[in-house]
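Reader: Hello! I am new to this structure and would like to be walked through it, one question at a time. Could we start once it is on the screen?

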Amino acid sequence: MIRTIYTSALLVLIALLLLPFQLAGILFNSRLQRIVPNLFHRAACAIIGIRITQVGERTRESPVLILSNHASWLDITVLGAVAPVVFVAKSEVANWPLFGQLAKLQRTVFVERERRHKTGDAARAMGDRLLGGDAVVLFPEGTSSDGIRILPFRSALIGAVHHAIGDSTHHDRVTVQPVSIAYVRYGGVPVGRALRDKVAWYGEAELVPHLLNILATGAVDVTVSWGEAVAYGMTANRKDIARDAETAVRRMTARALRSPPALPSGTEEGLPPAVPAFDQT
């Protein structure tokens, strides 16, 4: 309980300190609107006790659409810590207490999935973000999984790639890069089927108890694997893009779960890491 209160208080303090800078960044459309969320997520990982190991390199090409698997609310903090990105989320998130406000401050694109005719609006909004210089993260599975399986990638919103190209006078291609998030240890113990519920948030699991458990325990090791970045033009088929990215993410996730990185020297199993390992390339 003491750790939960301490961790929560630190997260709130950091959020309040960074809030004016983010609001200014949005108001004046400056780089701050990308830098501040990245700083917040890095601080959150350090405070909670999330240690990140990166495999491969994030592309520096722009515009870039990042296609990722989705296992937990932690995915936002992990990817937000390793790269300045904006996310695509279901419209319900916008109305969640606190989390909805944080998502809006990070300039999240919200999708009304129950209204298929709104998919085009979301794709155009994603295209606008891409052309504005943002790296956009899409979770094509459409929902979170148990962190071990990879669900089929849906292709509808990948049409944002075509919208971005069609509306641009400066770009004839958009880079797409697959990324895998694999939670490999919890409390120093390899995450298998017995521990997947501790880090993965999916199905009917309630958010608040899951969040409080992570805050109370910490010590989460995650491997972020970057796949090959591919530039696609107007002739590219969105279903082919989805299929290729799904195959890459499935392969990278299996590899990360099968061979997690060694614990850093001096780190005791079962204890949260003192300093998260960021490989910011």
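Author: Welcome! Patches are made of residues with over 30% relative accessible area and no salt bridge, and nonpolar side chains are joined into one patch within 5 Å. Please keep in mind that this is a predicted model.

Reader: Thanks! What is the accessible area of the nonpolar patch that V12, L16, L19 and L23 form?

Author: These residues sit on the surface, where V12, L16, L19 and L23 make up one nonpolar patch. One member, L19, is found in helix α1. Taken together, the patch has an accessible area of about 340 Å².

Reader: Is L19 buried, partly exposed or exposed?

Author: Buried means under 20% relative accessible area and exposed means over 50%, with partly exposed in between. L19 has a relative accessibility of 30%, so it counts as partly exposed.

Reader: Now the inside. Which helix gives the largest share of the largest nonpolar core?

Author: That core has 38 residues, and I50, I52, I66, L79 and Y183 touch the most other members. The largest share, 5 residues, comes from helix α3 (residues 74–82). Apart from this core lies another, of 30 residues, including L130, V136, F153 and A248. The helix you asked for is α3.

Reader: Which residues does L79 touch, leaving out those up to four places away in sequence?

Author: L79 is among the core residues that touch the most other members. With residues up to four places away in sequence left out, the contacts of L79 are S68, V85, F87, V137, F139, V179, I181 and V224.

Reader: How far apart are the end C-alpha atoms of helix α2, and what span is expected?

Author: Helix α2 (residues 32–48) has 17 residues. The expected span is 1.5 Å times one less than the number of residues. For α2 this gives 24 Å, which agrees with the distance between its end C-alpha atoms, 24 Å.

Reader: What covers the buried residues of α2?

Author: The buried residues of α2 are Q33, V36, P37, N38, F40, H41, A44, C45, I47 and I48. Just after this helix comes G49, with a positive phi of about 105 degrees. The cover over the buried residues includes α1 (2–27), β1 (50–55), α3 and α8 (207–217).

Reader: How many salt bridges does the structure hold, to begin with?

Author: Side chains of opposite charge can pair when their charged atoms come close. In one such pair, D146 and R149 meet in a salt bridge at 3.3 Å, N to O. The structure holds 9 salt bridges.

Reader: Which parts does the salt bridge between R196 and D146 tie together?

Author: D146 is buried, because its relative accessibility is 4%. In its salt bridge with R196, the closest N and O atoms are 2.8 Å apart. The two residues are 50 apart in sequence, so the pair ties together helix α7 (residues 196–199), where R196 lies, and the loop between β5 (135–138) and α6 (160–166), where D146 lies.

Reader: Where do E246 and R250 lie, and how close do their N and O atoms come?

Author: E246 and R250 both lie in helix α9, 4 residues apart, about one turn of the helix. E246 is buried, with a relative accessible area of 17%, whereas R250 counts as partly exposed at 36%. Elsewhere, salt bridges that share partners join R34, R107 and D134 into one network. For E246 and R250, both in α9, the closest N and O atoms are 2.4 Å apart.

Reader: How far apart in space are I150 and N69, C-alpha to C-alpha?

Author: I150 is in the loop between β5 and α6, and it is buried, with a relative accessible area of 7%. Its contacts, not counting residues up to four places away in sequence, are N69, E141, E246, V249, R250 and T253. I150 and N69 are 81 residues apart in sequence, but in space their C-alpha atoms are separated by 6.7 Å.

Reader: One last thing: is A194 buried or exposed?

Author: A194 lies in the loop between β7 (189–190) and α7. From A194 to M252 the distance is 21 Å, C-alpha to C-alpha, and 58 residues in sequence. Exposed means over 50% relative accessible area, and A194 is at 75%, so it counts as exposed.

Methods. Residues are numbered from 1 along each chain as its sequence is written. This is a predicted model: local features need pLDDT of at least 70, side-chain atom pairs count only at pLDDT 80 or more; totals for chains, interfaces and linings use all residues. Side-chain values use heavy atoms; hydrogens and water are left out. A nonpolar core is a set of buried Ala, Val, Leu, Ile, Met, Phe, Trp, Tyr and Cys residues joined through side-chain atoms within 4.5 Å. Buried means under 20% relative accessible area, exposed over 50%, partly exposed in between (1.4 Å probe, protein chains only). Contact means heavy atoms within 4.5 Å. Patches are made of residues with over 30% relative accessible area and no salt bridge: like charges are joined within 9 Å, nonpolar side chains (Val, Leu, Ile, Met, Phe, Trp, Tyr) within 5 Å. Accessible areas come from the Shrake-Rupley method with a 1.4 Å probe; for residues, only the protein chains shown count as cover. A salt bridge is a side-chain nitrogen of Lys or Arg within 4 Å of a carboxyl oxygen of Asp or Glu.
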